[in-house]
Amino acid sequence: NLSQNGFYSSNPCHRLVTSGIYVLQCGGMGSGSGGPGYSFGPLENVPAAQAGQAPLYKKGYLAMARTANSPTSQGSQFFIVYKDSNIPSDKAGGYTVFGEITSGLDQIDSVFTSGVVGGGSDGQPKVKATINETTFDYTGEN
């Protein structure tokens with residue numbers, strides 16, 4: 001619904017994580033705040049964890065961001081996994097995977113490789129990344 005109604009048009013990605021997990025977070029109002037005015041849950045389609053490891057989120061996965069320990073706090077923010085990542089779960093569980101980028105992710109490699117403003121490993125990307133348009137294609141497959 002958000003995609004179809006243009007919520008993400010001209011929406012900047014506000015957070016890049018470059019160590020431990022490898023994600024670009026988008027869908028807030030450019031600062032990580034703001035949203036659609038509602039939240040939802042529970043978590044769905046969470047990757048299974050292997051014994052002794054955090055669940056594996058594969059390169060290209062699109063997953064819903066949420067507030068720590070709250071499975072019903074999903075709204076508009078999501079993250080793009082740009083390198084296979086074992087992302088630890090909290091009390092709520094993992095993160096809902098809702099899609100996958102199957103081609104073209106390499107076109108924004110400069111966002112990932114340029115790093116974070118200030119040189120840390122978690123923060124605003126040095127290279128601006130903005131969602132200009134989104135489309136939704138549902139094939140009916142599970």
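These notebook entries record what I looked up in a predicted model of one protein chain.

**Entry 1. Overall form**

I began with the chain as a whole. It holds 1 helix and 10 strands. Reading from the N terminus, I noted the order of elements as β-β-β-β-β-β-β-β-α-β-β. I then looked up the dimensions: along the principal axes, the C-alpha atoms fill a box of roughly 35 × 35 × 30 Å. The radius of gyration is 15 Å, which agrees with the value near 14 Å for a compact globule of 142 residues. Of these 142 residues, 38% are buried. I also looked up how far apart in sequence the contacting residues lie. Among contacts between residues at least 6 apart, 67% join residues at least 24 apart.

**Entry 2. The sheet**

In which order do the strands of the open sheet stand? I found 6 strands in the order β8-β5-β6-β3-β2-β9, with antiparallel pairing. The strands β8 (97–100) and β9 (122–123) stand at the edges; each has a single partner strand, so one side of each is left without a neighbour in the sheet.

I then examined some of the pairs. β3 and β6 run antiparallel and are paired over 4 bridges; in this region Gln25 stands opposite Phe79 of β6. On to strand β5 (residues 61–64), which pairs with β6 over 3 bridges, also in the antiparallel sense. Here Leu62 has Ile80 of β6 as its bridge partner. Towards the β9 edge, β2 and β9 are joined by 2 bridges and run antiparallel. Leu16 has its bridge partner, Gly123, in β9.

**Entry 3. Strand β6**

I looked at the two faces of strand β6 (residues 78–81). Are these faces covered or not, and by which residues is this shown? Both are covered: Phe78 and Ile80 on one side are buried, and so are Phe79 and Val81 on the other.

I listed the contacts of Phe78, leaving aside neighbours within four places in sequence. They include Leu24, Cys26 and Gly27, as well as Leu62, Met64, Phe98 and Ile131.

**Entry 4. The nonpolar cores**

The largest nonpolar core has 18 residues. Which of them touch the most other members? I found Leu24, Cys26, Phe78, Ile80 and Phe112. At least two residues of this core come from each of β3, β5, β6 and α1 (109–114). There is also a second, separate core of 12 residues, and Val23, Tyr57, Phe79 and Val81 are among them.

**Entry 5. Leu24**

I next followed Leu24, which lies in strand β3. Its relative accessibility is 1%, so Leu24 counts as buried, the limit being under 20%. Not counting residues up to four places away in sequence, Leu24 touches, among others, Cys13, Leu16, Phe78, Ile80, Phe112 and Pro125. I singled out Ile80 for a distance check. Leu24 and Ile80 are 56 residues apart in sequence, while their C-alpha atoms are 5.2 Å apart in space.

**Entry 6. The disulfide**

I searched for disulfides and the count came to 1. Such a link is a covalent bond between the sulfur atoms of two cysteines. The pair is Cys13 and Cys26, with sulfur atoms 2.0 Å apart; this lies within the 2.5 Å limit for a disulfide. The angle about the S-S bond is 95°, and the link of Cys13 and Cys26 is right-handed.

Which parts of the chain does the pair tie together? Cys13 lies in the loop between β1 (11–12) and β2 (15–17), and Cys26 in strand β3 (residues 23–26), so the link ties together parts 13 residues apart in sequence. I checked the accessibility of both residues. Cys13 is buried, at a relative accessible area of 9%, and Cys26 is buried as well, at 0%.

**Entry 7. Ser76**

Last, I looked up a residue of the loop between β5 and β6, namely Ser76. Is Ser76 buried or exposed? Its relative accessible area is 2%, so Ser76 is buried. I then looked for a polar partner of its side chain. A polar atom of the Ser76 side chain lies 2.9 Å from the backbone oxygen of Gly27. Gly27 had already appeared in my list of residues in contact with Phe78.

Notes: Residues are numbered from 1 along each chain as its sequence is written. This is a predicted model: local features need pLDDT of at least 70, side-chain atom pairs count only at pLDDT 80 or more; totals for chains, interfaces and linings use all residues. Side-chain values use heavy atoms; hydrogens and water are left out. Buried means under 20% relative accessible area, exposed over 50%, partly exposed in between (1.4 Å probe, protein chains only). Contact means heavy atoms within 4.5 Å. Two strands pair if DSSP finds at least two bridges between them. A nonpolar core is a set of buried Ala, Val, Leu, Ile, Met, Phe, Trp, Tyr and Cys residues joined through side-chain atoms within 4.5 Å. A polar contact is a pair of N or O atoms within 3.5 Å; within protein, one must be able to donate a hydrogen and the other to accept it, and residues adjacent in sequence count only if both atoms are side-chain atoms. The radius of gyration is taken over C-alpha atoms; the globule rule is 2.2 Å times the number of residues to the power 0.38.
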